[in-house]
Amino acid sequence: MFRYLPYLLVGILFGFVLVKSEAASWYRIQEMFHFQNFHMFGILFSAIATGVVSIQIIKRLGRKKALDGQAIDIPEKAPGTVSYVVGGLIFGFGWGLIGLCPGPMFALAGTGSLGAMVVLAGSLHGTWLYGALKQHLPH
Amino acid sequence: MDWLVHPWPWYVAGPLIGLMVPLMLFIGNRSFGISNNLRHLCAITQPPTVEVDFFRYNWKEHVWSLVFVIGTGLGGYLAGVVFADPNPVQLSQAAQDMLLSWGFLLPSGSLVPDELFHTSVRNFTFLFACGVLVGFGTRYAGGCTSGHAITGLSTLQLPSLYAVLGIFGGGLIASWFLVPHMLIG
């Protein structure tokens, strides 16, 4: 069990940041989609910039092994267009309505929000629905 | 300890979120992303009578990921309950005016509006239905804001750019054309 501890700690940090930055706030999401505040864009852009720079550092330094001894490699997303755009549209549409994407959903459920738990329950059903319909969908 | 209570500015929160990508690689060569956990939870709870192939795999290999989202929930609890900020979300003036024109009250301490999240059959039906869209869409797209916008764009992957454009497009449609009319026709 001890090997899972780092994931728990990083997960706690992630949930804490999502709530403290108000990225888990429906209000902030509406404000973002109406371009009325730089806050959410600042979070997204600086997160991506940090990610890009740190990935480049890992690559340049040639860090080959993770803490548990596994080789570090960055998995490639499967090629395609339709599933990414259409899936993104459906997800984004739901996100725009209720202002919660999967990360904030878990963080807000942790605060005891019954509504967030209902959203989470819905998203589990949606995920199951995708699994059941997968073969019939264009990808 | 004020910093644990007050909201964090974007230039603190953003880099911390971005650091999730190298941290997860460093800890165990993991790709940072949240929505896969929804799939794992389906795999765990799928009854043998309705076996869907998509959920038939050894989810025990992904326990690390479930531990991570349990942490996310705990982090939410710490930030939102233990170190709760009693002050309402400080929205821009433009956003405040917009909310009022939509018939919403200004934020009063909660991160989400009571108008949509307080316990009622109508609200919970709506929240559940939107959750279905989020869960379906995110799996169809193969990731959510974390897996595509953060991890995917950080590693310069084109499919993630498609997904992010779709996500933002869907959000714009909902936020501009539906949300304004949710409370008042």
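**Chain B, fold.** I began with the secondary structure of chain B in this predicted model, and I counted 10 helices and 0 strands there. Reading from the N terminus on, I noted the order of elements in chain B as α-α-α-α-α-α-α-α-α-α.

**Chain B, extent and burial.** I then took the box along the principal axes, and found that the C-alpha atoms of chain B fill roughly 50 × 45 × 35 Å. Chain B has 185 residues, and I found 50% of them to be buried. For the contacts in chain B between residues at least 6 apart in sequence, I noted that 52% join residues at least 24 apart.

**Contact of the two chains.** I next turned to the contact between chain A and chain B, to which chain A brings 106 residues and chain B brings 107 residues. On the side of chain A that touches chain B, I listed the elements that give two or more residues, and these are helix H1 (5-20), helix H2 (26-33), H3, helix H4 (82-98), helix H5 (102-110) and helix H6 (114-133) of chain A. Of these, H6(A) gives the most to that side, with 17 residues. Sorting the side of chain A that touches chain B by class, I obtained 61 nonpolar, 36 polar and 9 charged residues.

**H1(A) against H5(B).** I looked up how H1(A) packs on helix H5 (residues 63-82) of chain B, and found their axes 6 Å apart, at an angle of about 40 degrees. Because angles under 35 degrees count as roughly parallel and those of 65 to 115 as roughly perpendicular, I entered H1(A) as oblique to H5(B). The crossing in which H1(A) passes H5(B) is right-handed. By class, I noted 18 nonpolar, 8 polar and 1 charged residues in the contact of H1(A) with H5(B).

**H3(A) against H9(B).** I also followed helix H3 (residues 39-61) of chain A to helix H9 (residues 145-154) of chain B, where the two axes come within 8 Å and cross at roughly 35 degrees. I recorded a right-handed crossing for H3(A) passing H9(B). Which residues meet here? From H3(A) I listed A:Leu44, A:Ala47, A:Ile48, A:Gly51, A:Val52 and A:Ile55, which meet B:Ala149, B:Ile150, B:Thr151, B:Leu153 and B:Ser154 in H9(B). Sorted by class, the contact of H3(A) with H9(B) has 8 nonpolar and 3 polar residues, and I found no charged residues in it.

Key. Residues numbered from 1 in each chain as written. Chains lettered and ligands numbered in written order. Predicted model: local features only at pLDDT ≥ 70, side-chain atom pairs only at ≥ 80, totals over all residues. Helix = DSSP H or I, 4+ residues; strand = E, 2+ residues; numbered from the N terminus. Buried ≥ 20, exposed ≤ 12 C-beta atoms within 10 Å, placed from the backbone. Contact = placed C-beta atoms within 7 Å. Axes fitted to C-alpha atoms, helices over the stretch in contact; angles between N-to-C directions. Left-handed = near helix turned anticlockwise from the far one by under 90°. Nonpolar A, V, L, I, M, F, W, Y, C, P; charged D, E, K, R; others polar. Parallel < 35°, antiparallel > 145°, perpendicular 65-115°, else oblique.
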